[in-house]
Amino acid sequence: ASMHLINTYIFKKTLQLEDGLDGESGSYFSPIGKVHYIKKGNGEPLLLIHGIKTGASSQIWRNVYDNFSKDFTVYALDLPGFGKSQKLPILYKAYMYRDLIKLFIKDVISEPTN
């Protein structure tokens with residue numbers, strides 16, 4: 001119970017992440033929670049997906065995002081449980097992320113994607 005109270009306190013005191021990437025901010029409502037993404041540019045779609053280590057988010061792409069958006073329509077995704085996406089109290093599995101990425105491409109991007 002003590003750890004729950006401490007974690008609740010820390011969560012409430014934590015500042016919200018700001019968008020460090022320019023572009024159109026969007027949300028996708030997936031089976032495993034609301035997913036945040038940023039979209040920018042024109043051209044063939046390019047989906048940028050971060051790793052799954054502690055503190056990971058779409059912000060990892062900040063040094064290349066603008067350059068890619070000159071030639072592509074870039075989507076920078078925060079996987080569920082990371083960045084500005086919803087963090088459900090579940091144990092995330094690799095197949096969940098795989099399925100989410102397939103659904104995101106189908107429902108949001110709607111065309112073959114790099």
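I looked up Y28 before anything else, and at 8% relative accessibility Y28 counts as buried, where buried means under 20% relative accessible area, exposed over 50%, and partly exposed in between, with a 1.4 Å probe and protein chains only. I noted that this is a predicted model, in which local features need pLDDT of at least 70 and side-chain atom pairs count only at pLDDT 80 or more, whereas totals for chains, interfaces and linings use all residues. I also noted that residues are numbered from 1 along each chain as its sequence is written, and that side-chain values use heavy atoms, with hydrogens and water left out.

**Aromatic pairs**

I then asked which ring Y28 pairs with, and at what angle. By the rule I used, rings of Phe, Tyr and Trp (its six-membered ring) pair if their centres lie within 6.5 Å, and planes under 30 degrees apart count as stacked, over 60 as edge-to-face and the rest as tilted; the count comes to six aromatic pairs. The ring centres of Y28 and F104 are 5.7 Å apart with the planes at 80°, so I entered this pair as edge-to-face. Y28 belongs to strand β1 (residues 24-30) and F104 to helix α3 (residues 94-109), so that the pair links distant parts of the chain, 76 residues apart. For these elements I took DSSP runs numbered from the N terminus, helices being H or I of at least four residues and strands E of at least two. F104 has 0% relative accessibility and therefore counts as buried.

I next checked F82 and Y97, whose ring centres lie 6.4 Å apart with the planes at 50°, so this pair is tilted. F82 sits in the loop between β4 and α3 and Y97 in helix α3, 15 residues apart, and this pair too is listed as linking distant parts of the chain. Both F82 and Y97 are buried. I also recorded that ring pairs link Y28, Y37, Y75 and F104 into a cluster.

**The sheet**

I wanted to know in what order the strands lie. The four strands form an open sheet in the order β1-β2-β4-β3, with mixed pairing, where two strands pair if DSSP finds at least two bridges between them. β1 and β3 are the edge strands, each pairing on one side only. Averaged over this sheet, neighbouring strands are turned by 30° against each other, direction ignored; the axes are lines fitted to C-alpha atoms, for helices over the stretch in contact, and angles run from 0 to 180 degrees between N-to-C directions.

Going through the pairings, I found seven bridges between β1 and β2 in the antiparallel sense, with S27 opposite H36 in β2 and S30 bridged to G33 in β2. β1 and β2 form a hairpin with two residues between them. Strand β2 (residues 33-40) is joined to β4 by five bridges, again antiparallel, and K40 has V74 in β4 as its bridge partner. Strand β3 (residues 44-49) pairs with β4 in the parallel sense over six bridges, and I49 stands opposite L77 in β4.

I asked why β4 is entered as largely enclosed by the rest of the structure. Six of the seven residues of strand β4 (residues 72-78) are buried, and that is the reason.

**S85**

I turned to S85, which is found in the loop between β4 and α3 and, at 4% relative accessibility, counts as buried. A polar atom of its side chain lies 2.8 Å from the backbone nitrogen of H36. Apart from neighbours within four places in sequence, S85 is in contact (heavy atoms within 4.5 Å) with K34, V35, H36, D78, L79 and P80.

**The whole chain**

Lastly I took down the overall values. The protein has three helices and four strands, which run α-β-β-β-α-β-α from the N terminus on. Of its 114 residues, 33% count as buried, and the C-alpha trace spans about 50 × 25 × 20 Å along its principal axes. For pLDDT, the predictor's confidence in each residue from 0 to 100, the protein averages 89, and 92% of the residues score at least 70. Among the elements, helix α1 (residues 2-13) has the lowest mean pLDDT, 73, and β3 the highest, 97.

Key:
A polar contact is a pair of N or O atoms within 3.5 Å; within protein, one must be able to donate a hydrogen and the other to accept it, and residues adjacent in sequence count only if both atoms are side-chain atoms.
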